[in-house]
Amino acid sequence: MKTRIGLVHATMNSVSPMLEAFRTHYPEAELVNLMDEGLLLAVNEKGGITPEILQRFEDLVQKAVDSGTDGVLLSCSVFSPYVPAIQKKYAIPILSVDEAMLARAVLLGERIGVVATVVTAGPTTKGLLEQFAQASGKAVRVDVEIVTEAFEALKKGDPEQHNRLIQDRAKRLAENADVLVLAQISMARAAAGLNEIGIPVLTSPLTSTSSIMEQIRARKGLE
């Protein structure tokens, strides 16, 4: 019997990297994609997540669960702080895509560089990293660079410019970092140009797909 995974998206830019990660590493998984592009637009317009926006997001999660999924991955990092509360409502694993990535970043270094392309994703990622560090009893310094023009380039259909802008900023951050985090799924495509910077570069598609498959297998083993 196939493992069915729900993928909840707030931008089309996250779809391709997640599908590619599953296709490459877990081709046996059956994927159910749910999308509300208006969520990210609303977050940017309101300057944050309102109760109404959060309810829209949770409605998508419920639809994913109702589709008979074994687990759900939430691909928009802006909503990551709300995932623990959402998880408590369901028996199946509900994971944010960046959870495993951020935990690994804290494990790998004390100086963590973060590049984001959406304004709200930068502070969200920094806050989560500091929470992971505090939970593990480790002191970290998190430096954040936000490159909104890269996200605009991607929306205009120019992935090469998107990648260049991220890579330029990432290389500067890497001069004073032990590990580099690309905060959003859509940024994973830029990682290929950062192989020579001399420190680990973490992206969420691979770490999150591995994490949810491991949790689902562990849960099925206990049933």
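Start by selecting helix α7, residues 148–155, and colour its buried residues: Ala-150, Phe-151, Ala-153 and Leu-154. Look down the axis of α7: these buried residues fall within an arc of 155°, so they line one face of the helix. Now show α2 and α8 (159–174) as well, since the buried residues of α7 pack against both. Just past the end of α7, pick Gly-157, which takes a positive phi of about 85°. The model on screen is a predicted one.

**The sheet with β5 to β8**

Next, select the open sheet of 4 strands ordered β6-β5-β7-β8, in which the pairing is parallel. At its edges stand β6 and β8 (201–202); each has a single partner strand, so one side of each is left without a neighbour in the sheet.

Zoom in on strand β5 (residues 111–116) and strand β6 (residues 141–146), which pair in the parallel sense over 6 bridges. One bridge to find here is that of Ala-116, whose partner in β6 is Ile-146. To trace the connection, follow the chain from β5 through helix α6 (residues 121–135) into β6; this β-α-β crossover is right-handed.

Then move to strand β7 (residues 179–182), paired with β8 in the parallel sense over 2 bridges. Leu-180 is the residue to click, and Val-201 in β8 stands opposite. Add α5 to the view: this helix packs on the sheet, where it touches β5, β7 and β8, and its direction makes about 165° with that of β7. Add α6 too, which packs on the sheet against β5, β6 and β7, with its direction at about 165° to that of β6.

Stay with α5, residues 99–108, and mark its buried residues, Met-101, Leu-102, Ala-105 and Val-106. Around the helix axis they cover an arc of only 135°, which puts them on the same side of α5.

**The sheet with β1 to β4**

Hide that selection and bring up the other sheet. It is open, has 4 strands in the order β2-β1-β3-β4, and its pairing is parallel. The edge strands, β2 and β4 (94–96), each pair on one side only. On average, neighbouring strands here are turned by 20° against each other, direction ignored.

Select β1. Of its 6 residues, 5 are buried, so this strand is largely enclosed by the rest of the structure. β1 pairs with β2 in the parallel sense over 6 bridges, and with β3, also in the parallel sense, over 4 bridges. Which residue of β2 is the bridge partner of Ile-5? That partner is Leu-31. In β3, the bridge partner of Ile-5 is Gly-71.

Now step across to the β3 (residues 71–74) and β4 pair, which is parallel and held over 3 bridges. Click Leu-74 there to find its bridge partner in β4, Ser-96.

**Helices over this sheet**

Show helix α1, residues 15–25. This helix lies across β1 (4–9), β2 and β3, running at about 160° to β1. Together, β1, α1 and β2 make a right-handed β-α-β unit. Next show helix α3 (residues 51–66), which lies across β1, β2, β3 and β4 and runs at about 165° to β1.

**An aromatic pair**

How many aromatic pairs does a search of the whole structure find? The search finds 1. Display the rings of Phe-57 and Phe-79: their centres are 4.0 Å apart and their planes are at 5°, so the pair is stacked. The two residues are 22 apart, and the pair links distant parts of the chain, with Phe-57 in helix α3 and Phe-79 in the loop between β3 and α4 (83–87). Both Phe-57 and Phe-79 are buried.

**Last stop: Glu-37**

Finish in the loop between β2 (30–35) and α2 (38–46), where Glu-37 is found. Is Glu-37 buried or partly exposed? Glu-37 has a relative accessible area of 43%, so it is partly exposed. Leaving aside neighbours within four places in sequence, the contacts of Glu-37 are Ala-10, Thr-11 and Met-12. For a long view, draw the C-alpha to C-alpha distance from Glu-37 to Lys-138: the two are 36 Å apart in space and 101 residues apart in sequence.

Conventions
Residues numbered from 1 in each chain as written. Predicted model: local features only at pLDDT ≥ 70, side-chain atom pairs only at ≥ 80, totals over all residues. Heavy atoms only, no water. Buried < 20%, exposed > 50% of the residue type's maximum accessible area, 1.4 Å probe, protein only. Contact = heavy atoms within 4.5 Å. Arc of directions from axis to C-beta. Pairing = 2+ DSSP bridges. Axes fitted to C-alpha atoms, helices over the stretch in contact; angles between N-to-C directions. Right-handed = clockwise from strand over helix to strand, strands pointing away. Phe/Tyr/Trp six-rings, centres within 6.5 Å; stacked < 30°, edge-to-face > 60°.
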